[in-house]
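Here are my notes on the model you sent, as numbered points. Please read them with the structure open.

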Amino acid sequence: MNRYEWVSKDGTFTFDAATAGWSHQYEELAQLSNMNTAIEIDGVLVSCFGRNLSISENMESSDDHGSFKQLTVASRLDHPSEDVDVEAEVLFRLYASPAFLTITALIHNNGPSPVTLGKCMLVSGGGGSSGSTASFLQLGDQPDHIRVFCQTAWVINNYVAPVSSNSGIHTSKTVGQFNNPASEVALTSGFLTFDRADTQIIYTYESEKSSLNLEAICNLDGYELVPGQQLCSETAYLAFSRDPFTALENWALRASEHYKPKFAARPNLGWVGGWTWRDGFSLETYEEIVLENSAAIRHKLGGFGIKNIWTSIGNLKDMLPGNWNEENLEAFPHGWEWLIEKLEQNGQKLGFWIAPFWIPNKLSNLFEEHKDHLLKKDGEYLFNNYRSPYGKSGTLPKEERVGFYSLDGSHPKTHQFLRKVFEYYNRIGIRFFMIDFLYAGSGSTPGHFVYDEYYDRTKIKGPEVYREALKVIREAAGEETYLLSSTGTTFQNVGCVDAVRVGPDIGEGRPLIETMAEYPATYTIHGWKLINTVAACMAYTYFTDRKLYYNDGFNVLTVDKPIPLEEARATISMFGLSSGPVVLGDDIATISEERLALIKKCLPQYTEMARPVDLFTALAPDTPRIFNLRVKKQWEEWNVVGVLNAEASPLTVDVRLNELGLNEELSYSVFDFWNEMYTGEVRGGSVKVDVPAYSIKVLRISEVRNHPWLLSTDMHVTQGGVEIVQLDWNADKGQLKGVCTRPAGEHGHLYFRLPPGWKPVNYEGLHVAKIREDNTVIVTKKLSFNVETLTWRIDFERTAEFKVGNYAGL
């Protein structure tokens, strides 16, 4: 039998033994044809479909992803060296509903000598081992319309761009996508596993030939496979789809099914300070600022769930990273354990910043203690040329300040050191960590500090070595401890942390240190360019949120004056739309009441992240700016749409209802959250949104009812997503009843829309206004939460005009 073919609901997989190539087709629209699978052995790339080809079928099996068919192709590889005796087994699995294909290679060294493995090209445009037929990728008509979605596995530089850009060559880490809007078909390609080797997809387009191709590469990066040993590659993933958004979300769901990550039941709510507005490094005592804010949070934000109080660098002896278990008794004169007890009295936990892979090159004995288990490159210690401006280091000339070496994540002494640090923290009660500058030890992913010397050669260089250390940290810190990763790889942290910083620093102040960009201030305002960058990072990574970890999109929430009001509103809006972790950066002890009220509008968090509507249409260098949060409650579903304008000119966009998942045959009410204004009804087509320069519009779009119904609230960006527990309309009695929840002592307003022909039975406690253009009536009800949960009711009746038929047809 030379040809093996499987057909699923969405696609067909074929392996042709005669040409030793495989194909994958989607409907009649798209296909990968005559692809190869190959591996680099001792510097030579050879096909995995070599001599003595044997093929076996497993027609029906299942795993965590569902049912699948498996084809195993085994052969002895045709390597030019007679001393190389390597066999490969390539496992193809075609899953059903929704269909996707996975490819995994098992490499066996049967020879007498070790072999060096390089790139394992699980998807290769090599045209099969015979080379008799050229490989190609077809993705509908008009290939010049195709966009490519690329990830860096890093916080910035992700993008969506025309496939013809960048000379038609694009590289994406771990997952990426071809998307053809002209034919409404997408191909998501990447890896279902990515915890051991560097994984990347290379997309190519030759415009002269209108030729597309891709390669999915698991880079084994010089791994030495000894005689008698077997190595399993990472698992590649291919899925065709009509909907590019759902396709990305499905990839993350499949990866989640594989890794089964455990993370905190809710994203972090905390505070970080000591440098924003007040300087605990030089002007005041850090401990006093922390205690003042702890008490202020309990008093002013009690009931909102602010749990973690995060201190950074100032808690360390000499403010020197590396002195992880040594206290700074000048900044914290009573010590950590005393402070932990004080915070616990306010229902809060102490948290620390730590860069676990860093070893300072001076001002301590740490280098001498750890120099035998540091990473190296070309015989030299791998050096992170970040020069610490804090503490004793900050008193030195800039070029003489402390820099850092990188711990080897595979070395037992590294594990021993990290375990000692984090077990001590766990024992005294530290329950939050921001583990930072992780790229110091993560190697090839994302690739900022690449090394070639490390201890345990049974581990693959890069993600596997890195994760060995991360697993130690996770275990030693304790399951109940919240871990936030930063400044490093993203996807590869799955299963080891609770949240991943998916964008650059924003919202953080800095102490009064002359070399800081903020000096002689403690904060920088008018940061719209940075806001736009961080919003884009949130957009490009949205699909991993709550599947692999919590996406920490907007870092620190700082909104107090003199931050301009529109800038503060944009920050609050993006935190609300991300529904992710929140770390307050203001001095809560002295914050203005107006800005404190703003903070409450994104607390607590909703349970989903907004989807970037224009992800595949805002092509680089443009970035997404339209975010759609679908809020789902038992009593209603609606959309909260944020449109960000970080430019100096006004912006007008038409947001199509079908892009929001709405029915163009229905009518929808639109409410402008920040302007507290009903803007009318829309039906079919699109919603026109006018956004002034340097501002954001947040709209609630909900289906029009033919009876009194909720229009919005002013209590939360989701406008009902967290503050309204229940809402019921009794048509027989004309009664609208609801249950709302906010911390005791809070106030807020509900907005209702009454179609023409309705009015309240009793106007007491209500503000009622009629809109001149269409006679719609807007009712506002104030709520005062003397208790956390309030039940209310409003009775309505038909107006006399309606009863005599003046509103016939409504």
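1. Two strands are taken to pair if DSSP finds at least two bridges between them. On that basis strand S4 (residues 30-41) and strand S10 (residues 115-124) are paired, antiparallel, through four bridges. Within this pairing, Asn36 lies opposite Ser124 of S10. Please keep in mind throughout that this is a predicted model.

2. S4 has further partners. Strand S3 (residues 21-26) runs antiparallel to S4 and is joined to it by four bridges. Gln25 has Gln31 in S4 as its bridge partner. The hairpin of S3 and S4 has three residues between the strands, and Glu27 there takes a positive phi near 50 degrees.

3. S4 also pairs with strand S5 (residues 44-47), again in the antiparallel sense and over four bridges. Here Ile41 is bridged to Val44 in S5. These two strands form a hairpin with two residues between them, and Asp42 in the turn has a positive phi of about 50 degrees.

4. Strand S11 (residues 136-139) is another antiparallel partner of S4, with four bridges between them. Ser33 is placed opposite Phe136 of S11. How much of S4 is buried? The strand is mostly covered, with 10 of its 12 residues buried.

5. Asn179 deserves a look on its own. This residue belongs to strand S15 (residues 175-180). Is Asn179 buried or exposed? Its relative accessible area is 6%, and the cut-off for buried is under 20%, so Asn179 counts as buried. Residues up to four places away in sequence set aside, Asn179 touches Leu139, His145, Ile146, Arg147, Val185, Ala186, Pro244 and Phe616.

6. Next, an open sheet of four strands. The order is S44-S45-S50-S47, and the pairing is antiparallel. Strand S44 (724-730) and strand S47 (758-760) are at the edges with a single partner strand each, so each has one side without a neighbour in the sheet. From one strand to the next, the twist averages 25 degrees. S44 and strand S45 (residues 735-741) are held in antiparallel pairing by six bridges, and Asn730 has Gln735 in S45 as its bridge partner.

7. Another open sheet has three strands, ordered S24-S28-S27, with antiparallel pairing. Strand S24 (358-360) and strand S27 (383-384) are its edges; each has a single partner strand, so one side of each has no neighbour in the sheet. S24 pairs with strand S28 (residues 404-406) over three bridges, in the antiparallel sense. Ile359 is found opposite Tyr405 of S28.

8. Two helix pairs can be set side by side. Helix H3 (residues 336-345) packs on helix H6 (residues 412-428) at an angle of about 45 degrees, and the axes are 10 Å apart. Angles under 35 degrees count as roughly parallel and those from 65 to 115 as roughly perpendicular, so H3 and H6 are oblique to each other. Trp336, Glu337 and Ile340 of H3 make the contact with Tyr424, Tyr425 and Ile428 of H6. Sorted by class, this contact has five nonpolar residues, no polar residues and one charged residue.

9. Helix H9 (residues 528-541) and helix H10 (residues 565-578) pack at about 10 degrees, their axes 11 Å apart. They are therefore roughly parallel to each other. On the H9 side the contact uses Trp528, Ile531, Ala535 and Met538; on the H10 side it uses Glu566, Glu567, Ala570, Met574, Leu577 and Ser578. The classes here are seven nonpolar, one polar and two charged.

10. Last, the cores. In soluble globular proteins, nonpolar side chains tend to be buried together. Which residues touch the most other members of the largest nonpolar core? They are Phe422, Tyr425 and Phe433, in a core of 178 residues. Outside its neighbours within four places in sequence, Phe433 contacts Phe352, Ile354, Phe422, Tyr425, Ala477, Thr481, Tyr482, Leu483 and Leu484. Another core, of 62 residues, lies apart from this one and includes Leu29, Phe92, Ala105 and Leu117. Tyr425 also appears in the contact of H3 with H6.

Conventions
Residues are numbered from 1 along each chain as its sequence is written. This is a predicted model: local features need pLDDT of at least 70, side-chain atom pairs count only at pLDDT 80 or more; totals for chains, interfaces and linings use all residues. Side-chain values use heavy atoms; hydrogens and water are left out. Axes are lines fitted to C-alpha atoms, for helices over the stretch in contact, and angles run from 0 to 180 degrees between N-to-C directions. Angles under 35 degrees count as roughly parallel, over 145 as roughly antiparallel, 65 to 115 as roughly perpendicular and the rest as oblique. Contact means heavy atoms within 4.5 Å. Ala, Val, Leu, Ile, Met, Phe, Trp, Tyr, Cys and Pro count as nonpolar, Asp, Glu, Lys and Arg as charged, and the others, Gly among them, as polar. Buried means under 20% relative accessible area, exposed over 50%, partly exposed in between (1.4 Å probe, protein chains only). A nonpolar core is a set of buried Ala, Val, Leu, Ile, Met, Phe, Trp, Tyr and Cys residues joined through side-chain atoms within 4.5 Å.
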